[in-house]
Amino acid sequence: MASLTKMMNLYVAVKLLKKFSIDPDTYMVTVTRFAAWIIGTHSGLREGDQVSLKDLFYGMMLPSGNDAAHMIAVCFGSLLLSQSKKNSLASSSAPSPVQEFVKMMNVMAMKIGLRNTVFVNAHGLSEKGNRSTVSDLGRLGYIVMQEPLIASIVDKQSYTPNIISRSGTPRTITWTNTNKLLEEPGFTGIKTGNTPNAGPCLSICYQAGEDSFVITLLNSKSPEHRWTEAMKLAHWSANKIAAVKAAFLERGQTTSSKLRTRIMAGLVKY
C-alpha cells in the first residue's frame, strides 16, 4: 500500500492529540538524525530542526515525507511508552517509540474494521508484512476524512511551514501536494503512494453535489494512469449514484439507509 500507510499514521496521531490533550500548533518536535537521513520521499527536514506537530502532519501528507512520518511516530510512540507501566521495567526487549506507535496503528486498524491490513512501519516503505486491500484502504480513506483536521490538511495543494533550524534561525520551505487531482474540481484528497512492490497507488475523495465518496487504486499501470483512471471512476460513480438515487426516489422510497444500500448494490452490480 506504499504511502497510503500515512493515512493511518495521521489518523492515529489525531486521535492521540485528544488523548494527551496536545495542541498540534504549539507542540514542537526536534528532528533526529535518523529522520533527516531516511530514504524515500522526503519533506526536506534537517537534523535539529524544530517543527510543530501540525507542520509535521503537512510534511507527511503533502510531499509524502517519510522523515515527517517517522518523527510523528517517534513523538507519539514516546508518549504512549511514557504512560505504559511496562515502560518502567528496565528490559532490553522493551519496544521502541516507533514500534509502540505502529502497534497502535494496528490496534486502530482492527478497531475500525480493517480485517486484512497489517502495518509494520509508519511510512509505507517496502517491508515484508506491510499489506492491505483496496476495500480496507477505501474504508480507511472514508474514516479519516471524517476528521476535520485531516480533511483540511489533505485538501491543501501547497503549504509553507514554520521551521526553526538547529542554529535557531527560521528556514523557509514550501511543500507541494503530490496529489495532482486537487487541481481538478471536486477532488479533496487524500493520499498518493508509490513503491516498487506496491506500484503507483492513490486514495482520493470526490465530492459530487451532496454526495462524496472515496476511490482507491493500487498498483496502477503508471503514476500518470492514477489520475486518468481515478477521474474516470469518479465521474462514472457520480453518474451511477445519481441514476440509482433517481430510480429509487421515483418509487417513493426515501429512507436514507435503504437508499445507501441500493446505491452500494448498484455500484457493485455494475
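Let's start with the open sheet: three strands line up in the order β7-β8-β9, and their pairing is antiparallel. β7 and β9 are the edge strands, each of them pairing on one side only. From one strand to the next, the twist averages 5 degrees. Keep in mind as you look around that this is a predicted model.

Take the β7 side of the sheet. Strand β7 covers residues 187–195, and seven bridges join β7 to β8, the two running antiparallel. If you want a landmark for the register, find Phe187: its bridge partner in β8 is Tyr206. The two strands make a hairpin, with three residues between them. β7 is also mostly covered, with seven of its nine residues buried. So β7 is an edge strand in terms of pairing, and yet it is mostly covered; a residue counts as buried here when its relative accessible area is under 20%.

Now step across to the other side of β8. Strand β8 (residues 199–208) pairs with strand β9 (residues 211–217), again in the antiparallel sense and again over seven bridges. Two pairs help you read the register here: Ala208 stands opposite Asp211 in β9, and Leu202 has Leu217 in β9 as its bridge partner. These two strands form a hairpin as well, with two residues between them. Have a look at Gly209 in that turn, which has a positive phi of about 65 degrees.

What packs on this sheet? Helix α8 (residues 223–250) does, touching β7, β8 and β9. The direction of α8 makes about 145 degrees with that of β9.

The sheet strands turn up again around helix α6 (residues 134–144). The buried residues of α6 are Asp136, Leu137, Gly138, Leu140, Gly141, Ile143 and Val144. What covers them includes all three sheet strands, β7, β8 and β9, along with helices α1 and α7 (148–154).

Next, go to a pair of helices, α4 (residues 66–83) and α5 (residues 97–111). Their axes come within 7 Å and cross at roughly 90 degrees, which makes α4 roughly perpendicular to α5. By class, the contact has 10 nonpolar, three polar and one charged residues. On the α4 side you'll find His70, Ile72, Ala73, Val74, Phe76, Gly77, Ser78, Leu80 and Leu81, and these meet Pro97, Val98, Glu100, Phe101 and Met104 in α5.

For a look at a loop, head back towards the start of the chain. Thr26 lies in the loop between α1 (5–19) and β1 (28–30). Is Thr26 buried or exposed? Its relative accessibility is 55%, so Thr26 counts as exposed. Thr26 and Lys54 are 28 residues apart in sequence, while their C-alpha atoms are 8.3 Å apart in space.

Finally, zoom out to the whole chain. There are nine helices and nine strands in it. Of the 270 residues, 48% count as buried. The chain exposes about 13400 Å², and carbon and sulfur atoms supply 54% of that area. As for how the sequence comes together, consider the contacts between residues at least 6 apart in sequence: 60% of them join residues at least 24 apart.

How values were computed
Residues are numbered from 1 along each chain as its sequence is written. This is a predicted model: local features need pLDDT of at least 70, side-chain atom pairs count only at pLDDT 80 or more; totals for chains, interfaces and linings use all residues. Side-chain values use heavy atoms; hydrogens and water are left out. Axes are lines fitted to C-alpha atoms, for helices over the stretch in contact, and angles run from 0 to 180 degrees between N-to-C directions. Helices (H or I, at least four residues) and strands (E, at least two) are DSSP runs, numbered from the N terminus. Angles under 35 degrees count as roughly parallel, over 145 as roughly antiparallel, 65 to 115 as roughly perpendicular and the rest as oblique. Contact means heavy atoms within 4.5 Å. Ala, Val, Leu, Ile, Met, Phe, Trp, Tyr, Cys and Pro count as nonpolar, Asp, Glu, Lys and Arg as charged, and the others, Gly among them, as polar. Buried means under 20% relative accessible area, exposed over 50%, partly exposed in between (1.4 Å probe, protein chains only). Accessible areas come from the Shrake-Rupley method with a 1.4 Å probe; for residues, only the protein chains shown count as cover. Two strands pair if DSSP finds at least two bridges between them.
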